[in-house]
Amino acid sequence: MRYHYFPGCSLKGLGRAYDESLRPVMERLGVELAEIDDWNCCGATAYMSTDHCNACALGARNIAIAESSGPGDIVAPCNACYLALNKTRNCLAGDSATRAAVQKALAVAKLTYTGTAAVRHPLEVLVYDVGINVIKRNVVRPLKDLKIAPYYGCQLVRPHCSFDDQWNPTAMDRILTALGARVVDFPLKTRCCGGSLTGTAPEAGLRLTHIILGEAQRRGADLIATICPLCQFNLDSYHDQIARRWGPARIPAVYITQLMGMAFGLPTEQLGLKRNFLPADKLLAAT
Amino acid sequence: MSNDESIRTGFYVCHCGHNISDVVDCTAVARYASTLAGVMVSRDYKYMCSSPGQELIRQDILEHKLNRVVVASCSPLLHEHTFRNAVAAGGLNPFLFQMVNIREHDAWVHADRAAATAKAQALVSAAIRRVALHKPLQATRAPIHPDVLVVGGGIAGIHAALTLANAGKKVYLVERQPSIGGHMAQFDKTFPTLDCAACILTPKMSAVRSHKNIVLWTYSEVAKVDGYVGNYTVTVRRKARYVDENLCVGCQECIDACVFKVPKFPDPFNLGMSMQKPIYIPFPQAVPQAAVIDPDRCIQLKTGKCKKTCVEACADRKAINLNQKEQLLEIKVGSIITATGFKLFDAKRLPEYGYGRYPDVMTTIELERLVSSSGPTGGELRLRSGKPPTAVGFILCVGSRDMRTNRWCSRTCCMHSMKLAQIVRERTGAQVTVFYIDIRAPGKGYEEFYDRSLQQGVQFVRGRVAEVSDCALSPDEAGKLVIRVEDTLAGFVRRVPLDLVVLAVGMEPQADAQEMRRILNMSCSAEGWFLEKHPKMAPVSTFTDGVFIAGCCQGPKDIPDSIAQAGAAAAEALALIDAGGIDQEPNTAYIRGEECSGCKSCISLCPYAAISFDAEKQKAVINPALCKGCGTCVASCPSGSIGQNLFEDQEVFEEINGVLDYV
Amino acid sequence: MELGQKIKCEADRTAGFGKAIAAMPGCERLGSCIQCGACSGACPLSIYMDQSPRQVIALVRGDFKKQALSCNTIWLCSSCYACTVQCPREIGITDIMYALKQCAMSERAYPAGLSIPILARQFVRMVVRRGRITETRLVMRFFLQTNWKAAISSWRLGLNLIRTRRFGIRQQHIKQHLELAAMLAQAKNANAGGSP
Amino acid sequence: MSDMNWQPRIVAFFCSWCTYTAADLAGVSRFRYAPNVRIIRLMCSGRIDPQFVLCALADGADGVLIGGCHPGDCHYAEGNFKTFRRYRMILRLLADMGVAGDRVRLEWISASEGERVKTVINEMVERIRALGPLDIPGRFAACDSEILESADAIRLPQCKETHDVVPEVVHG
């Protein structure tokens, strides 16, 4: 299985632990990730806020480069990238004016967008292409006794997600169960973490982060499993500020790929677990 | 065009108020028609279907000695009959008439006046060319079998059956469930009068059972319908009940004696909130008052290894017959009333409301059973924890007015919820809040009922609830179900902690509505409701003559409306029967004997076996009484020796020529 | 007690504004709103908004451009799409928020003192110049421009990032950043008339 | 015919029970569609004689649209299956004649699918517009006049085109 890999800016920056753990885990499962040559920022939400056509052009450049370099789908691990690239695809499929404008812009770089490569999230690849059974077979150190709250974030399932429920997705639940962990019933699975508002409007943004941490704590979770660099950053980085405002809710947040790596018996240092602010001690102790 | 010099056509174009004339230049159309061959009179008029409009035609026929008439107005499916009558009133054969549809097919679908007018002119040209070839025809009259089939034994079916039976007609009432009564039997009280549902329904159910003119077949389904108006042959599948309902007296001794000492299977009548045994009576007021055995649960029927204590208990009444087999019965009826009802929206389709996840989130129908004195708790409202509720919320429009699920308004949920809100308030004193988008209380006495709810202290919050969760953000929310909703009138978002959330689930078409539609040759709307012939003028008729619809199978409605419609459907059936016969469109096919080569290719094509072969003359023969006028044989005759009245080849060719007339 | 007029007159409306927003991508169904408030109820940030999302829709539809562009709602929208998937009329509410943001950005009509649009502007600038975002640099620049005190008060965050070796100070960039900039300039021109 | 003002001319044959009713519903629902299609009502699509289609094309139609009930839904049980068979035959015939197959289109449209009538008609008009005029009468005008000349010898009686009486035109 070979995919074009679109890591996105976060996986090269604050979320590099996601990139570090995703690569060996995928390798172990026989998934080849070929990084798209000279990829650029997906545009995220900020770009959509300024210029619709430009935002589509940004996404289209990445897809066009991937398409020109061979067949295969694109894997985008960051929820924001996943959404932005899918939004681009939907826009270009349904809106001929934007498509024409974007093609014209791509021509500047001698690129053409065809829309043949689908944009997919690692979660979908893991559950539907690799399969739960294969994941299960690779588990050598089950995450026994760990109670984990699966947190999907908002931009994976909404509004375009085709592989899971928009309100109650279960792909990650299934993986966690396969890893031997106990999945906490977590109704805030897809509630927004606050996104960039934690920095720009902390009062509002941090409250959202706090609600998620608090609910996970109330439900007795040891860990929160995430699949998005921004979610992980928000849930991991503001414990002191949150404690000052609303009281402590100290639950570590780790990437699903880090959990898989631990369960697969990959060396801890390869998985970027040391990059957490709040160390996932229970995880390290359990395995 | 005809060579017949004596063709004298009258042409009339209708403005239909402004409906047509706003888009089509009617005067130009009339002027154009006046230039066409054979046209003696060409008029435009505001309302051709009105009495003066029809009178115009009649007068002109007499005055101008017209022998053909063409009217350009609405769809022939709507007013062809009207104008044929007008033509007949002028003393002309009604089939020397042709109608042009310039409303539905032109004025209502185009905006460009010039293009619409040109199209109207071409269509008019086609009709004027065609009508010249029309021949005088005689409608045939088919007899009507006086018996009526009513499908569905809910309140609509019951009412229709009783109305017909009281008029002296024989009625077959077929119901799929083991008892008649439908959804209404599950209700505690009915709005807006709050009278007890059982008290008003049970007498009608017993009347059905005892009526000498009604044959009641419960636990039965319509399997097949053949024939046509006045003459339907219906096959009914009577499922094996394993109890002879004529011998069973409803004493329940068999149920007591069943080897299952305690009931352990979910009882569908109480929506699984109580249990039943493999042998059961659906509910206390069931009609017929006879037991039924579930073959999937009865040990004897599943394995053949049971002590058969039920048979023992029944003793010499001998009502239990474990060898009973499914039966297929064939009946003859002249008309059919379809009253197959609705199904409730599955609240699990909206996961944000937590139905199926939180035990104290329930649907209106479940609450209805819980507050009913014959329900699983004897009418006592308790949370799953056993405590009485102190704060109850109703969420309206669950699966209604929502493009993600069902886009229609289910029409009854506002009133239904207010009724339950009043009952809950009365019984428990709990704080009750109704979350609504718009309160729809348009029936007689309904607005007063809304007012009464307000007077009784029911709170109303205008806003569509976004989510129900058990995530507590403050101590007062702990252990409660929290609703998140914008109070759109106050203009802010609220979190409302409740201990019972009731979802007012909407109505949707029965799961097998499409199958039923095929069996009865009806149409469905895009949503899946059975389609009436005309939404205003023929609300209980269908496109299939002799098949009528009543109640919620046509669209959501409350009890009064269902009963009114059932009465109307019964009256339509009665009118049909008492007319003694029905005029049939004389669009039958016929063989031009001299031209038939006797190749027999038409014979196998006829779905009605109307064509036979005269071995002596070596020619095909069409029986006009059996021909339904589809014209399939006409199109396939290699020697062109089959003609079809009203749709002759030449008439169609003229029409093709005409529609290609571009002015 | 100070009295302020709440009444709105015809002069407060900008004719054609609602239509222009409805013409933008994803906003086509704006007109079918029934003001049920499901969007506001679903929105995790509505508790901080001065106008609820439902009210914003009403303002846009009523051509109240000034009020629609000056509320904090459109900027507090974190694009989580909870409203969009819950809307019973399938209105692309998030896309409408984007359309309003684009409009407010191009006319600089956002509320004074609101720092969120500034981040968006800096983000765009960095993408145009480098093709990629270097988060730490973006955040530092943002704090310096908006609230340098906040930059200082989040020293602990910075220290933590250094401790976990995530404080990347080196600017990320793509090889073809000039080509990308040319591409974006081209697409921008093509988008003329998109913003009302 | 192939001038700038050329507009596609399409003749439609709709069965009375499904597609004609659907076209009525499209009207009642006020769906707007292109005015290039003229509908002829037949009781069943099974009544459509291949000659009707050929006659329409020969008389100047650029395309023909056939509408019937969905398979299994025919008011006359199976007329639409016969239509389908005949349609395949017509397509083969047209291919032999060098007429593009998509000039004749068969669609199943049930009585409730008013919106589908709009979509199909608009699609059909666009398709025919892209194909350009068929103009059989124009193309064969020369042949026709030749035939007419030779027919002059046997001089068939012509239809009477003029009026004996001046019709009365009244506006109500």
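This passage describes the fold of chain A, the contacts between chains and the packing of two helices in chain B, all in a predicted model.

Chain A contains 13 helices and eight strands, and its C-alpha trace extends over about 55 × 45 × 30 Å along the principal axes. For a chain of 287 residues, a compact globule would be expected to have a radius of gyration near 19 Å, and the value computed for chain A, 19 Å, agrees with that expectation. Of the 287 residues in chain A, 64% are buried. When the contacts of chain A are restricted to residues at least 6 apart in sequence, 78% of these contacts join residues that are at least 24 apart.

With regard to the assembly, four pairs of chains are in contact, and among these pairs chains A and C share the most contacts. Between chains B and C, 17 residues of chain B are in contact with 17 residues of chain C. On the side of chain B that touches chain C, the largest share is contributed by strand β25 of chain B, residues 481-487, which supplies three residues. The composition of this side of chain B, sorted by class, is six nonpolar, three polar and eight charged residues. Other pairs of chains are not joined in this way: chain A does not touch chain D, their nearest C-alpha atoms being 17 Å apart, and no contact joins chain C to chain D, for which the closest C-alpha atoms likewise lie 17 Å apart.

Within chain B, the packing of two helices was examined. Two packed helices are described by the angle between their axes together with the distance between the axes. Helix α6 of chain B, residues 155-166, packs against helix α7 of chain B, residues 197-210, at an angle of about 50 degrees, and the axes are 10 Å apart. Because angles from 65 to 115 degrees count as roughly perpendicular and those under 35 degrees as roughly parallel, this angle makes α6(B) oblique to α7(B). The crossing of α6(B) and α7(B) is left-handed. On the α6(B) side, the contact is made by B:Ile155, B:Ile158, B:Ala161 and B:Leu162, while α7(B) contributes B:Leu201, B:Lys204, B:Met205, B:Ala207 and B:Val208. Sorted by class, the residues of the contact of α6(B) with α7(B) comprise eight nonpolar residues and one charged residue, with no polar residue among them.

Technical notes. Residues numbered from 1 in each chain as written. Chains lettered and ligands numbered in written order. Predicted model: local features only at pLDDT ≥ 70, side-chain atom pairs only at ≥ 80, totals over all residues. Axes fitted to C-alpha atoms, helices over the stretch in contact; angles between N-to-C directions. Helix = DSSP H or I, 4+ residues; strand = E, 2+ residues; numbered from the N terminus. Parallel < 35°, antiparallel > 145°, perpendicular 65-115°, else oblique. Left-handed = near helix turned anticlockwise from the far one by under 90°. Contact = placed C-beta atoms within 7 Å. Nonpolar A, V, L, I, M, F, W, Y, C, P; charged D, E, K, R; others polar. Rg over C-alpha atoms; globule rule 2.2 N^0.38 Å. Buried ≥ 20, exposed ≤ 12 C-beta atoms within 10 Å, placed from the backbone.
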